[in-house]
Amino acid sequence: MKTFTNQNPGTVDEAIELVRTAREDGHSVSFAGGGTDLLQLVKERVVNRSGQDVPDVLVNLKSLEGVDQVSFSSLGGVAIGGLTTLSNLANNPRILDDYKVLAEAAGQVGTPQIRNAGTLAGNVCQRPWCWYYRNGFPCYKAGGNECFSIAGENQLHAIFGGGPSFIVHPSDVAPALVALDATFNVAGPSGNRVISSSDFFVLPRDNVQHENVLSDDEFLISVDLPAPPNGLKSTYHKVMDRDAWTHALVSVAVVMEMDGDICSAVKIVLGGVAPEPWRVPSAEALLIGNVVTEELARSVGEAAVSGARPLAKNAYKIPLVRGVVARTVLALATSV
Ligand SMILES: Cc1cc2nc3c(=O)[nH]c(=O)nc-3n(C[C@H](O)[C@H](O)[C@H](O)COP(=O)(O)OP(=O)(O)OC[C@H]3O[C@@H](n4cnc5c(N)ncnc54)[C@H](O)[C@@H]3O)c2cc1C
């Protein structure tokens, strides 16, 4: 196996400097958080963001100091370090109170071991789990020019936003962050930038090799969430083909503001169905200004699947989305 250098920066500036130096020396770089995804990619020699199966330099972000904290602002809102583990997010009492959808999404990732090691940033930036990509097929994600799922085994693939690649975005946490209007703080040798969660993820039609707008030299340092308005309720629901240890077949993050019985604002974001977290504005629009009844929730579920384009073997996702959206919206709106 090709060797690589492991680097343990203590600060964000040191990490940036390591990337700059590696690039000047013509070396490829990969970032590691908990390593629960990345080390498997390296071990199985799956092509990573740098376009190589094994990077020259691995920048271990877990060695950064102070980037694994959850800090609540006195003005409201929260800054979450990118290296915060999923377990810490899932069990943080104020995240559970104010941003329940995020705690629930983090708490449903994989297994306790993965949540203890896995980080927020690594979860959001994990590569697709399409079996063709993970098994060394020269697909678009690996730098090739074909999506093998189109004519192949596409049970787990996209029903929205696909083409030319039909991967689904695998992160449980990402739909929750989009629903909460998160902003992402990113660092790299060309400077820091702040990116809205609605602009962070990309469809294959815009960039077939990457799932987000980060350049190969940039890494995610932290995520900010706005203060929760009064009357905010939120939840995450995930449907799997077994009880644990796996990604969503379909999931939904719902963030709803209530004025008494009336829904005054809402975001519904689907996971497991598209190459990026998938918002369904036409379903959201039906809820605004209305009391959420069973009948309305059913219409919202129906609206959530409009425009779906299943492949040969994944049409089962349509009734799953319809049902999970209707059930989750009704349960959330009527919860006390
Ligand atoms: C058996 C199993 C089950 C799983 N089940 C789920 C599941 O149910 N739901 C789910 O969402 N995920 C699941 N995962 C995927 C994944 O391992 C976890 O989501 C985990 O949170 C990834 O975090 P990490 O810190 O270990 O990432 P790493 O493995 O360290 O990194 C993942 C990717 O993100 C990049 N990266 C890491 N940190 C940064 C950063 N700060 N900035 C930019 N890029 C970065 C890495 O280069 C790599 O490409 C599963 C994995 C396994 C092995």
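**View 1. What packs over helix 13 in this predicted model**. Covering the buried residues of helix 13 are, among others, strands 9 (232–239), 10 (250–259) and 11 (262–271), along with helix 11 (281–287) and helix 12 (294–304); contact means heavy atoms within 4.5 Å. Among the buried residues (under 20% relative accessible area, 1.4 Å probe, protein chains only) are Ile318, Val321, Val325 and Leu332. Helix 13 itself spans residues 317–333 and reaches 24 Å from first to last C-alpha, close to the 24 Å expected at 1.5 Å a residue, taken as 1.5 Å times one less than its number of residues. Helices (H or I, at least four residues) and strands (E, at least two) are DSSP runs, numbered from the N terminus.

**View 2. An open antiparallel sheet**. Here 5 strands line up in the order 4-5-8-6-7, where pairing takes at least two DSSP bridges between two strands. Strand 4 (70–72) and strand 7 (193–196) are the edges, each pairing on one side only. Look for Phe184, whose bridge partner in strand 7 is Ile195.

**View 3. The largest cavity**. About 60 Å³ of space lies here, and the lining includes Cys130, Tyr133, Cys147 and Ile167. On a 1 Å grid over the protein atoms alone, a cavity is a set of points where a 1.4 Å probe fits but cannot get out, and lining residues have an atom within 4 Å of a point. Grid points are joined across faces, edges and corners, and the volume is the space filled by probe spheres set on them.

**Notes.** Residues count from 1 along each chain as its sequence is written, and side-chain values use heavy atoms, leaving out hydrogens and water. Local features need pLDDT of at least 70 and side-chain atom pairs 80 or more, while totals for chains, interfaces and linings use all residues.

Definitions and conventions: Buried < 20%, exposed > 50% of the residue type's maximum accessible area, 1.4 Å probe, protein only. 1 Å grid on protein atoms, 1.4 Å probe; cavity = no way out; pocket = protein on both sides within 12 Å on 5 of 7 lines; lining within 4 Å.
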